[in-house]
Amino acid sequence: MAIRPVVITGDPVLHSRAQPVEVIDDAVRELVADMYETMDAARGVGLAAPQIGVGLRVFTWQLANDDGIPPRGVVINPFLTATKPAVGDPDPQDEVEGCLSVPGESFPLRRGPSAVLTGQDVDGHELRYEATGWFARMLQHEYDHLNGFLYVDRLAATWARKAKKAIRAHGWGQPGQTWTPGVDRDPFGHDDSEGDTEGAVP
């Protein structure tokens, strides 16, 4: 297992549709192991393969829930359906997301309150989960990564302008920029008592 650098917004791998996994072999299982290690080091609640520069349809998660879904898992070749978000502006306190590929920033975004996930695990077995609340939000966030979208691409106009300004201020938006969890400064300022950040910021 190895911690891999996390790709920052602007790199083509984050803005392109990921390819299906054709065969779940040792290389894919090694990728998943590295994704877990990277996610844990970054204190994230989810990580998609494109975020470590691999354009495959795989994401991992680490998030407690009330839906009976394993709090730690992986899905390969997922398909996700989500309910429509409620009409109106997102709550700037309770509907805030962050992303390891937009490190250190967070913005409000309204998501569908529930989602259904299907796909395969690392042994090729079919899985199906029905999620609500923050877990549903995380699934939508990670699934977006596999389709070439970041959460900042979905922000309402006011927040989208703020996000673009922040991205420009950091000098992001071009290929080849990364940060390495456990090596570089934690962009979300975590210490051992604080929560996690990818997909949804508590």
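# Exercises on a predicted model

Leu-117 has its place in strand 7, residues 114-120. The model is a predicted one. Each exercise below gives a task, then a worked solution.

## Exercise 1. Leu-117 in its strand

Task: decide whether Leu-117 is buried or exposed, and list what Leu-117 is in contact with beyond its sequence neighbours.

Solution.
- Step 1. Take the relative accessibility of Leu-117, which is 0%.
- Step 2. Apply the cut-off: buried means under 20%. Leu-117 therefore counts as buried.
- Step 3. Set aside neighbours within four places in sequence. Leu-117 is then in contact with Phe-59, Trp-61, Val-75, Pro-78, Phe-79, Leu-80, Leu-127, Arg-128, Tyr-129 and Leu-139.
- Step 4. Pick one partner, Val-75. Val-75 and Leu-117 are 42 residues apart along the chain, and their C-alpha atoms are separated by 8.8 Å.

## Exercise 2. The whole chain

Task: state how many helices and strands the protein chain has, and find out how its radius of gyration compares with the globule rule.

Solution.
- Step 1. Count the elements: three helices and nine strands.
- Step 2. Read them in order. The pattern along the sequence is β-α-β-β-β-β-β-β-β-α-α-β.
- Step 3. Compare sizes. The radius of gyration is 16 Å, and the globule rule gives 17 Å for 202 residues. The two values are close, so the chain is as compact as a globular protein of that length.
- Step 4. Add the box. Along the principal axes, the C-alpha atoms fill roughly 45 × 35 × 35 Å.
- Step 5. Look at burial and contacts. Buried residues make up 50% of the 202. Among contacts with a separation of 6 or more, 71% join residues 24 or more positions apart.
- Step 6. Turn to the surface. The chain exposes about 9,600 Å², and carbon and sulfur atoms supply 51% of that area.
- Step 7. Finish with charge. There are 18 positive and 30 negative charges, and their mean positions lie 10 Å apart.

## Exercise 3. The largest nonpolar core

Task: name the residues that touch the most other members of the largest nonpolar core, and say which helix gives the most to this core.

Solution.
- Step 1. The core has 37 residues; Val-58, Val-102, Tyr-151, Val-152 and Leu-155 touch the most other members.
- Step 2. Several elements each supply at least two residues, namely strand 1 (6-7), helix 1 (26-41), strand 4 (72-82) and helix 3 (157-170).
- Step 3. Helix 1 gives the most, with six residues.
- Step 4. A further core of 20 residues lies apart from this one, and includes Ala-48, Ala-131, Phe-135 and Leu-146.
- Step 5. Now follow Val-58. Not counting residues up to four places away, Val-58 touches Val-21, Val-32, Met-35, Leu-47, Ala-48, Ala-49, Val-74, Val-75, Ile-76 and Leu-146.

## Exercise 4. Two residues of helix 1

Task: for Met-35 and Ala-41, say which is buried and which is partly exposed, and trace their contacts.

Solution.
- Step 1. Place them. Met-35 lies in helix 1, and so does Ala-41.
- Step 2. Check Met-35. Its relative accessibility is 0%, so Met-35 counts as buried.
- Step 3. Check Ala-41. Its relative accessible area is 28%, so Ala-41 is partly exposed.
- Step 4. List contacts beyond four places in sequence. Met-35 touches Leu-47, Ala-48, Ala-49, Ile-52, Val-58, Phe-59 and Thr-60. Ala-41 is in contact with Ile-3, Pro-181 and Gly-182.
- Step 5. Compare spacing in sequence and space. Met-35 and Ala-2 are 33 residues apart, with C-alpha atoms separated by 8.3 Å. Ala-41 and Gly-119 are 78 residues apart, and 26 Å apart C-alpha to C-alpha.

## Exercise 5. Backbone angles and a loop proline

Task: give the phi of Arg-43 and of Asn-77, then describe where Pro-70 is found.

Solution.
- Step 1. Recall the background: most residues other than glycine have a negative phi.
- Step 2. Arg-43 has a positive phi of about 60°. Arg-43 lies in the loop between helix 1 and strand 2 (46-48).
- Step 3. Asn-77 has a positive phi of about 50°. Asn-77 lies in strand 4, and is partly exposed at 23%.
- Step 4. Pro-70 is found in the loop between strand 3 (58-62) and strand 4. Its relative accessible area is 34%, so Pro-70 is partly exposed.
- Step 5. Beyond four places in sequence, Pro-70 is in contact with Trp-61, Asn-65, Tyr-129 and Phe-135.

Notes. Residues are numbered from 1 along each chain as its sequence is written. This is a predicted model: local features need pLDDT of at least 70, side-chain atom pairs count only at pLDDT 80 or more; totals for chains, interfaces and linings use all residues. Side-chain values use heavy atoms; hydrogens and water are left out. A nonpolar core is a set of buried Ala, Val, Leu, Ile, Met, Phe, Trp, Tyr and Cys residues joined through side-chain atoms within 4.5 Å. Buried means under 20% relative accessible area, exposed over 50%, partly exposed in between (1.4 Å probe, protein chains only). Helices (H or I, at least four residues) and strands (E, at least two) are DSSP runs, numbered from the N terminus. Contact means heavy atoms within 4.5 Å. The radius of gyration is taken over C-alpha atoms; the globule rule is 2.2 Å times the number of residues to the power 0.38. Accessible areas come from the Shrake-Rupley method with a 1.4 Å probe; for residues, only the protein chains shown count as cover. Lys and Arg count as positive and Asp and Glu as negative; His and the chain ends are not counted. The place of a charge is taken as NZ of Lys, CZ of Arg, CG of Asp or CD of Glu.
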